[in-house]
Amino acid sequence: MKKLLAWLFGSVYVTIAGAQPERVLNLCAQEGILLWKVIWQDPFCLKLLVPERQCARLMALADRGQCSAEEGG
């Protein structure tokens, strides 16, 4: 079902990097942002799939969590 929703509504990969990327995950949970396929690349970097319509909110939360966010990949 999640794959169907991701395909219908569009989704993008986002890479979050910083000292505490888990803080961004907590902020996303508080804001109700859906995250799929969270992959930890190392302790300071993670890659995740987010619905395209929520990508801008995720980018703002990454900045608030003192992390950098890059779309794509």
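Accessible areas here come from the Shrake-Rupley method with a 1.4 Å probe, and for residues only the protein chains shown count as cover. By that reckoning the chain exposes about 4700 Å², of which carbon and sulfur atoms supply 55%. This is a predicted model, in which local features need pLDDT of at least 70 and side-chain atom pairs count only at pLDDT 80 or more, while totals for chains, interfaces and linings use all residues. Residues are numbered from 1 along each chain as its sequence is written, and side-chain values use heavy atoms, with hydrogens and water left out.

Let's begin with the overall layout. The chain has three helices and four strands, where helices (H or I, at least four residues) and strands (E, at least two) are DSSP runs, numbered from the N terminus. Read from that end, the order is α-β-α-β-β-α-β. Of the 73 residues, 34% are buried; buried means under 20% relative accessible area, exposed over 50%, and partly exposed in between (1.4 Å probe, protein chains only).

Now for the core. A nonpolar core is a set of buried Ala, Val, Leu, Ile, Met, Phe, Trp, Tyr and Cys residues joined through side-chain atoms within 4.5 Å. The largest one has 15 residues, and Val14, Ile16, Val24, Cys28, Leu48, Val50 and Leu58 touch the most other members. Strand 1, helix 2, strand 3 and helix 3 each give two or more residues to this core, with helix 3 giving the most, at four residues.

Helix 3 deserves a closer look. Its buried residues are Cys55, Leu58, Leu61 and Ala62. They lie on the same side of helix 3 because they cover an arc of only 120 degrees around the axis, the arc being that of the directions from the helix axis to the C-beta atoms. The face turned away from that buried side carries the exposed residues Ala56 and Asp63. Cover for the buried residues of helix 3 includes strand 1 (11-17), helix 2 (21-31), strand 3 and strand 4 (68-71). Cysteine 28 touches Leu58 and Leu61, among others, not counting residues up to four places away in sequence; contact means heavy atoms within 4.5 Å.

Finally, step back to the loop between strand 3 (45-51) and helix 3 (55-64), where glutamine 54 lies. Glutamine 54 is buried, with a relative accessible area of 8%. Leaving aside neighbours within four places in sequence, glutamine 54 is in contact with Gly32, Ile33 and Leu34. The side chain of glutamine 54 also reaches the backbone nitrogen of leucine 34 at 3.0 Å.

Technical notes
A polar contact is a pair of N or O atoms within 3.5 Å; within protein, one must be able to donate a hydrogen and the other to accept it, and residues adjacent in sequence count only if both atoms are side-chain atoms.
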